[in-house]
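Here are my notes on the model you sent, as numbered points. Please read them with the structure open.

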Amino acid sequence: MRILGIETSCDETSVAVLEDGGTILSNLISSQVDLHSRFGGVVPEVAARAHIEALDPLLEDALEQAGTDFGGLDAVAATLGPGLVGALLVGLTAGKAIALATDKPFIGVNHLEGHIYANFLEHGPPEPPYISLIVSGGHTMLVHMKARHDYEVLGQTLDDAAGEAFDKVARFLDLGFPGGPALDRLAREGDPNAIRFPRAMEASDDFDFSLSGLKTAVMRFVKKERSQGREPDPADLAASFQEAVVDVQVSKTVRAALEREVGTILLGGGVVANTRLRGRIREAGEREGLRVLFPSLALCTDNAAMIACAGYYRLEVGERTSLDTEADPGLPL
Ligand code: KG4
Ligand code: ZN
């Protein structure tokens, strides 16, 4: 089965062609980073317009690279939500129009489910149950997946998302936008134990997260040092901030797996590209006898192959999405 995937939930336009749920024939991404960087963040109206401009040529290229055309597709999958409504509308409307014109089944995909299913592209479908940590620019969420499409949200952030915290601290350190990858690189030269930032909610017996206090703690620390005539080392700041984020994420994810007696952990979302998080969760998994899977770097951040893959597993169980279905910026998992 050959599925066309379309993803436009935030600031990447992406189109993919996926065969039989696991073979990526094409997965093209047009990033809008340069457009938004001068504003220091994603501007929704600018994102929607850029998706409109990028989508048509990207569709053509993705089909050509996959050696197919609209007639060679068996189904169409597009992101339904969550995301920026204007951005979502562009890809969703295109997907529905292609499905209608080619008379092929349409499936609307939850973006968060896409991040989880990115793991299926490279590791094959692991046997449920799983504990899944989704950490992206908009979400920080710990989920117990008892079966393929049966989710229990165990906890989430009470304030900032993990990627948002990385981006805000990176902006404070003048690392540009989006700052997550730059902060990750800088942290490699720093000492993660140089400054002991608070690990908010690490010891709480729920599975929620809180990240806005950490960002404030970093800013307060820098102010205090400067007031005493010292300039903190940016690499130590980056490494110590990152360590505080990663400590809480790793310990809560592992605790969820042990408490729920689940042997497999799946990570998803842009922040999973973080070197320290990947290393630390892998170590913790080995120590506790848990299987830990995460996507390769290119499939951690937003892409349409993961949307086509999540769509494949929905279509496989007979699901279809009506063409009347509208974009849902707050779509829950
Ligand atoms: O999943 P994603 O591509 O988009 C959303 O669905 O939000 O995630 C983007 C987020 C951004 O906040 C970006 O700074 C962060 O992922 N990110 C990282 C790294 N690479 C991307 N954060 C920390 N370390 C990284 N290496
Ligand atoms: Zn995402």
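1. Backbone at P129. This residue sits in the loop that runs between α4 and β6 (130-135). The bond joining P128 to P129 is a cis peptide bond, with omega of about 5°. Keep in mind throughout that this is a predicted model, and that the values below are computed from it.

2. A second cis bond. F177 and P178 are also joined by a cis peptide bond, here with omega of about -10°. P178 belongs to the loop between α5 and α6. Both bonds deserve a look, because most peptide bonds are trans.

3. Phi at D20. The loop between β2 (12-19) and β3 (23-31) contains D20. Its phi is near 50°, which is positive although the residue is not glycine. I list it because most residues other than glycine have a negative phi.

4. Domains. The domain assignment splits the chain into domain 1 (2-116 + 300-316) and domain 2 (127-298). Domain 1 is thus written as two segments, 2-116 and 300-316. The C-alpha centres of domain 1 and domain 2 are 27 Å apart.

5. The contact between the domains. On the domain 1 side 18 residues are in contact, and on the domain 2 side 23 residues. Together the two domains bury about 1600 Å² between them, and carbon and sulfur atoms account for 68% of that area. Of the area that domain 1 buries against domain 2, 44% comes from L112, I116 and C300, more than from any other three residues. How many salt bridges link domain 1 and domain 2? The count is zero.

6. Salt bridges elsewhere. Over the whole structure the search finds 18 salt bridges. One of them pairs the side chains of R2 and E19, at 2.9 Å from N to O. R2 is in strand β1 (residues 2-7) and E19 is in strand β2, so this pair ties together parts 17 residues apart in sequence.

7. The largest pocket. It holds about 1000 Å³ of space. The lining has 38 residues, and those closest to the centre of the pocket are D11, S136, G137, G138 and D167. Where does the pocket lie with respect to domain 1 and domain 2? Both domains give residues to its lining, so the largest pocket lies between them.

8. What lines the pocket. Three helices, α4 (111-123), α5 (162-172) and α6 (180-187), each supply at least two lining residues. Which of the elements gives the most to this lining? That is α5, with six residues. By type, the lining of the largest pocket divides into 13 nonpolar, 15 polar and ten charged residues.

9. The cavity. The count of cavities of 30 Å³ or more is one. The largest cavity contains about 70 Å³ of space. Its lining consists of P198, A200, F209, S210, L211, L214, A244, V245, V248 and Q249. Helix α8 (residues 234-259) provides the largest share of this lining, four residues. Eight of the lining residues are nonpolar, two are polar and none is charged. The lining of the largest pocket, for its part, includes ten charged residues.

10. Places to check first. For the backbone, I would have the reader look at the cis bonds joining P128 to P129 and F177 to P178, and at the positive phi of D20. For the domain contact, L112, I116 and C300 are the residues to display. For the largest pocket, begin with the residues closest to its centre, among them D11 and D167.

Definitions and conventions: Residues are numbered from 1 along each chain as its sequence is written. Chains are lettered from A and ligands numbered from 1 in the order in which they are written. This is a predicted model: local features need pLDDT of at least 70, side-chain atom pairs count only at pLDDT 80 or more; totals for chains, interfaces and linings use all residues. Side-chain values use heavy atoms; hydrogens and water are left out. On a 1 Å grid over the protein atoms alone, a cavity is a set of points where a 1.4 Å probe fits but cannot get out, and a pocket is an open set with protein on both sides within 12 Å along at least five of seven lines; lining residues have an atom within 4 Å of a point. Grid points are joined across faces, edges and corners, and a volume is the space filled by probe spheres set on the points. Ala, Val, Leu, Ile, Met, Phe, Trp, Tyr, Cys and Pro count as nonpolar, Asp, Glu, Lys and Arg as charged, and the others, Gly among them, as polar. Domain bounds come from an automatic or database domain assignment. Contact means heavy atoms within 4.5 Å. Buried area is the accessible area (1.4 Å probe) that two parts lose on being put together, summed over both. A salt bridge is a side-chain nitrogen of Lys or Arg within 4 Å of a carboxyl oxygen of Asp or Glu.
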